[in-house]
Amino acid sequence: MLELLREVGVELPGGAGLLKFGMTPGEVLELLPPDRVTHHRQCMGLTLDQYAELRHAHDAWLGGLLYEPDWSFDAELGGVVLGFGGGGPGATDRLARVEIQARAAQADGTEATPVAWEDIDLFGYPAAEIVAVLPGIPASPPPGGPPPADMAVDELGLRLSRATPTAEHWERVTLVGPASGSWGACCAGGLVCAEQGDGLVGIMY
C-alpha cells in the first residue's frame, strides 16, 4: 500500500521508506528501485522562467506539465506510476508534489498497489463513493451523475482526476505538501491558481 500522509509525504509499499516533502531529487532516487525508474527528456513543457505569468506556471505545475529538469523522472511501483515535482520559485530543488497515476490492469492479473488516504483506497472505490467520504468536497453532483473529472480537496492538499470524465474510478491523485507554499508569490492558496490559470499557455501552439 502507498499511504498518503498530508504534511509528510508518501509511505512506499513493502517498507521501502518514506518519501518526505522537502527531499532533494537525489534523496528521492535513493529510495526508489533503480530498475523501476525512468528518466525523461523535455517534451512539450516549458521551464518556470519561460512563463509570462506565474499563475500559468503554477497551473502547469499542479498538472505535471511544467518541465523541471531535476525532477524529470518517474517510477513504477506495484502497478502505479509516481511522478515528482519541486516547489515553486526558489524551492525547485525540494520535493513538494507527488503525482500517482493508476495503470491499466496488469497482464498477469496482478492487482495494483492500493493508494490510500486514511485507509480509503482512492483508486479502488468508485469516484462518487470517494467524494462522499473525503472532507472539504463541494456539493455532490445530481443523483446518478459522476463527480467532475478533476477535483481539488484543499483541506487535504489532494487533487483527484480522471482522463475520461465518465470513468467510474479516479485515475490520478496528486498530493502537494507544505513546500508548495513557495508558490505564494503567485497566489495566496496552494490550489487557487488552477481556477484561473492556464497551464497550456506557451506550451501548445
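**Exercise 1. Place Glu-3 in its sheet.**

Task: State how strand E1 is joined to strand E8, and find the residue of E8 that stands opposite Glu-3.

Solution.
1. Strands E1 and E8 (residues 115–117) run parallel and are joined by 2 bridges. The model is a predicted one.
2. Glu-3 belongs to E1, which covers residues 2–5.
3. Across from Glu-3, in E8, is Ala-116.
4. The wider arrangement is an open sheet of 5 strands with mixed pairing, in the order E3-E2-E1-E8-E9.
5. Strand E3 (18–20) and strand E9 (120–121) are the edges; each has a single partner strand, so one side of each lacks a neighbour in the sheet.

**Exercise 2. Describe the surroundings of a buried acid.**

Task: Determine which side chain of opposite charge is nearest to Glu-3, and what the side chain of Glu-3 reaches.

Solution.
1. Glu-3 is buried.
2. The nearest side chain of opposite charge is that of Arg-6, 13 Å away.
3. A salt bridge requires a side-chain nitrogen of Lys or Arg within 4 Å of a carboxyl oxygen. Glu-3 has no salt bridge.
4. The side chain of Glu-3 does reach the backbone nitrogen of Glu-118, at 3.3 Å.
5. Leaving aside residues up to four places away in sequence, Glu-3 touches Gly-9, Val-10, Glu-11, Ala-116, Trp-117, Glu-118 and Asp-119.

**Exercise 3. Compare three salt bridges.**

Task: The structure holds 6 salt bridges. For the pairs of Glu-7, Glu-68 and Glu-99, give the partner and the N to O distance, then the burial of the residues.

Solution.
1. General principle: side chains of opposite charge can pair when their charged atoms come close.
2. Glu-7 pairs with Arg-6, with the closest N and O atoms 3.5 Å apart. Glu-7 has 47% relative accessibility and is therefore partly exposed. Arg-6 is also partly exposed, at 26%.
3. Glu-68 forms a salt bridge with Arg-97, where the closest N and O atoms are 3.9 Å apart. This pair links distant parts of the chain, 29 residues apart: Glu-68 is in the loop between helix H2 (54–62) and strand E5 (73–77), and Arg-97 is in strand E7 (residues 95–102). Both Glu-68 and Arg-97 are buried.
4. Glu-99 meets Arg-172 in a salt bridge at 3.9 Å, N to O. Glu-99 lies in strand E7 and Arg-172 in strand E12 (residues 172–176), so this salt bridge ties together parts 73 residues apart in sequence.
5. Glu-99 is buried, its relative accessible area being 14%, whereas Arg-172 is partly exposed at 24%.

**Exercise 4. Analyse a hairpin.**

Task: Identify the covered and uncovered faces of strand E10, and describe the pairing of E10 with E11.

Solution.
1. In E10 (residues 150–153), Met-151 and Val-153 make up the covered face, while Asp-150 and Ala-152 make up the uncovered one.
2. E10 pairs with E11 (residues 158–161) in the antiparallel sense, over 4 bridges.
3. Met-151 has Leu-160 as its bridge partner in E11.
4. The two strands form a hairpin with 4 residues between them, and Gly-157 in the turn has a positive phi of about 70°.

**Exercise 5. Summarise the chain.**

Task: Report how many helices and strands the protein chain has, and what share of its residues is buried.

Solution.
1. The protein chain contains 4 helices and 12 strands.
2. Of its 205 residues, 43% are buried.
3. Among contacts with a separation of 6 or more, 56% are between residues 24 or more positions apart.
4. The accessible surface comes to about 10,300 Å², and carbon and sulfur atoms account for 52% of it.

Terms used:
Residues are numbered from 1 along each chain as its sequence is written. This is a predicted model: local features need pLDDT of at least 70, side-chain atom pairs count only at pLDDT 80 or more; totals for chains, interfaces and linings use all residues. Side-chain values use heavy atoms; hydrogens and water are left out. Buried means under 20% relative accessible area, exposed over 50%, partly exposed in between (1.4 Å probe, protein chains only). Lys and Arg count as positive and Asp and Glu as negative; His and the chain ends are not counted. A polar contact is a pair of N or O atoms within 3.5 Å; within protein, one must be able to donate a hydrogen and the other to accept it, and residues adjacent in sequence count only if both atoms are side-chain atoms. Contact means heavy atoms within 4.5 Å. Two strands pair if DSSP finds at least two bridges between them. Accessible areas come from the Shrake-Rupley method with a 1.4 Å probe; for residues, only the protein chains shown count as cover.
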